[in-house]
Every structure is written in C-alpha cells, then in structure tokens.
Amino acid sequence: MSYAYRSKRAGASRSRRPNFPRNNQRKSGPRFGQYIDPSRFVATAVVKEEEKYVPTNTFTDFALDAVLQRNLSAKGYQLPSPIQDQAIPISLAGKDVIGLAGTGTGKTAAFALPVLQALITSQHAKAIIIAPTRELAQQIDEEMRDLGRGVPMNSVLIIGGTGIGQQLGKLRSNPRVVIGTPGRIKDHMRRGSLRLANFNLVVLDEVDRMLDMGFINDVQSILEETAAQKQSFFFSATMDAKVQSLIEKFGNEPVSVSIKASSASENVHQDVVHYSGTSEKMESLHDLLISGKVSKAIVFDETQRNVEKLHKELLARGFKTESIHGGKTQGQRKRALASFKENKVNILIATDVAARGIDVADISHVINYSVPKVYEDYIHRIGRAGRAGKVGHALTFVKKEG
C-alpha cells in the first residue's frame, strides 16, 4: 500500500541537490525520540456521517451585554457550537470550566465571550490568557478584538519574536487583558513590567500542548502570582496526568465540558513513502508535489536548519513555498502564514513547534519529510489535514532498511 515515487525529471526545473541531514538526526532539546513502527503511519480514512448537534441555546439566549450581542449578530453568529453551547452558561455563572475540545471547535469564543462579559460588568475584572505558541496567541488576540468591539478592555499581546519595547509601553498603560505565551509572560514578570496579583480571570488554552512543550514550571509560577480569588478556564484536547494535576492545584471546583470528537487521524488517509538515500528522498518529494494530487500542503521537517534548506531547494525547483520555525521573527512568521492562508503559496514547510496553533481549513496533505520524535507529534501533525469534514492525506517518508 506504500507510495514508491520514482523520479520523472519533469515539471519544475531542478538545480542542486543539497546534502540533507539524515532522517534520524536529533535536534537539541529535552524530548528524546522513540521508535515508531512504520505500520502506524498507514491507515485508510474512515468517512463517517457526523451526528448533527442540536444546541440547547442560541447566542441571543446567553446573558451577554448588548454590545456583545451586536457583535455576534454582525458576524452572523446564531447557533453556538457544542463547546460554546455547553461552556458559556457555566462560565457566565462564574464557575471554573474545563473544556475538553480540540482545534476548530469554536473554543476561543467559548472563553472569550464570558471574559468580555466580565470586563463589561466589573471594572475590577482583569484577564490573562496563556497560549503555547505565538500563532495561537495572535489568533486569540484577533478574535478577542473582533468579538469585543466597543468593550473598554485595553489589551496587550506579549509574545516572542517582536520588540519588547512596545510591549513595555503598553503594559505601563495598565491593560485589563494580557494575551501571551508562557516564556514572554515570565520575561515581563522578571522585569517587573507585569504584575498579576489583580488578574482574576485566567485562561489556559491548549493546556496539554503547553505542558508537552515543557512550559509546566512557567505556567505554574504564572498562576501562583494571579489573584487568590479568580475564575479559571482550562481548555485542552486531552486530559492526561500532568493536565489533571495542574487543574487540581489551581482550579476551584471546575465543571467539565467534554466535546466528543473523532480521532484526528480517522478522516485522514495515511501512507508511507519509502526511499533509499538523500537524493531519492528529495526526488520523491518533488514528484509527489507535481503529481497533481497535492493542492495545499504542510511539509514537516525536524530542525530549523533543515526547514530552511528544504524551503530554498523547493524554491529553486519552482515551487511556491514559505517556511515557518522558531528562528524567524514574529513578523516573518505572520507573513508566511498569511501567504499560506491566502493561497499565495501552497506549500508551508515547518517545524513541529512553529506549526502548533495553525488552523487552516483547506490543507489537502501533510507530508512528514522527517519522522516525528513521538507518536503524539505525528497525530498532531496529521490533524492539520482533513478539516471541515473533508478527507485529508498524510504521507511519511521512511528510509528503507538495509
């Protein structure tokens, strides 16, 4: 069932063949690779007819201020998604919430609307929203501003890859909403430019990813500095022991809302591409990309250096591609992602960390040019394809034995 693409030397012109690092080369970091049986990368998509969810509420049923209702109406929002339908009433009642839901379920609005309502009804309300990646923090910031038009919230986005000077200026204006990544939030706490003692609304988005990326100590120290009396929102795709422990320590009798979702891999055709050496690997990728089957793809590689090499090689071969990784500034990452979303390029080459939080609905293929370090990363990667009820495709390059 595996793909075995042969070089046809057709299509875009081919120039040089760089010496790509071996597939098992490891980047530095706390996570060690594990052996993953290649058979786990092969599966046929199971197309299921989704059971239609009938919401209990409409947005007008929620006890939201008129300005929020006007914003929702202007966006054409009438019926809430399952996570919104179930989590918003609990949140508006002032209770802590655990929302178990993945990307693309509408979870941002599920916590954004109650937070905005609290900012309207209480002048003492202040919110800190923590996300694992710059991209996700930026998406949350944009949606908060969109849903909160006309709400006096004075928010600031504090993430890496951007100048800290402008952030310092905005923090001096005593913002009521801070949205950021754990590392940059900690930086400002150490500088004394961000004091959290009066922040009484706390949102952790994609908690499992945040802890998996090694932010557990930063997250705990941030939460310890927030107000003693607060309302907390914990949103996570999974509930493992680390997430459970964090919630038990900082939650106040939280109410759980779990949205049943199919596995990220169920609606994705999965297969492998066997190759013998570096040259064949590159030629196989080239042939795959010109086969006419790939309309829009994310190609994952292991390190920043590898991503840049692959990006330059594909550009030289005539492909429309952008790259995204932690070594780029936030402006560069934002422009690359915008080009991909707007179809100015149809291939995005990324490292695992940089791709977290990317939500693009029309990705046809995920290509694992390097085997992920752990199987959970594989599941996260291929979840980028097959969105919005469509069948996606995932291909993993596996070196032939012998």
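Trainee: What makes β2 and β5 a pair in this predicted model?

Mentor: 4 bridges join β2, residues 127-130, to β5, residues 201-204. Pairing needs at least two bridges, so β2 and β5 count as paired. The two strands run parallel. One residue to look at is Ile130, which stands opposite Leu204 in β5.

Trainee: How do you know that β3 pairs with β4?

Mentor: By the same test: at least two bridges are required. β3 and β4 are joined by 4 bridges, so they qualify as a pair. They run parallel. Ser155 has Val177 in β4 as its bridge partner.

Trainee: Where do these strands sit in the sheet, and what is its order?

Mentor: The sheet is open and has 7 strands, in the order β3-β4-β2-β5-β6-β1-β7. The pairing is parallel.

Trainee: Why are β3 and β7 called edge strands?

Mentor: β3 (155-158) and β7 (255-258) each pair on one side only, so they are the edges. From one strand to the next, the twist averages 10°.

Trainee: Which way do the residues of β3 point, and are they buried or exposed?

Mentor: Ser155 and Leu157 point one way, Val156 and Ile158 the other. All are buried. That word stands for a relative accessible area under 20%.

Trainee: Why is Ile164 called partly exposed?

Mentor: Its relative accessible area is 21%. Buried means under 20% and exposed means over 50%. Ile164 falls in between, so it is partly exposed. Ile164 belongs to helix α5, residues 164-172. Leaving aside neighbours within four places in sequence, Ile164 is in contact with Arg184, His188 and Arg191. Its C-alpha atom is 9.0 Å from that of His188, which is 24 residues away along the chain.

Trainee: Why is α3 called oblique to α4?

Mentor: The axes of α3 and α4 (residues 134-147) come within 10 Å and cross at roughly 50°. That angle is neither under 35 degrees, nor 65 to 115, nor over 145, so α3 is oblique to α4. The crossing is right-handed.

Trainee: What makes up the contact of α3 with α4?

Mentor: By class, it has 9 nonpolar, 1 polar and 1 charged residues. From α3, the residues include Thr108, Phe111 and Leu116. From α4 come Ile140, Glu143, Met144 and Leu147.

Trainee: Which strands does α3 lie across?

Mentor: Helix α3, residues 107-121, lies across β2, β4, β5 and β6. It runs at about 170° to β6. Over 145 degrees counts as roughly antiparallel, so α3 is roughly antiparallel to β6.

Methods:
Residues numbered from 1 in each chain as written. Predicted model: local features only at pLDDT ≥ 70, side-chain atom pairs only at ≥ 80, totals over all residues. Heavy atoms only, no water. Axes fitted to C-alpha atoms, helices over the stretch in contact; angles between N-to-C directions. Contact = heavy atoms within 4.5 Å. Left-handed = near helix turned anticlockwise from the far one by under 90°. Nonpolar A, V, L, I, M, F, W, Y, C, P; charged D, E, K, R; others polar. Buried < 20%, exposed > 50% of the residue type's maximum accessible area, 1.4 Å probe, protein only.
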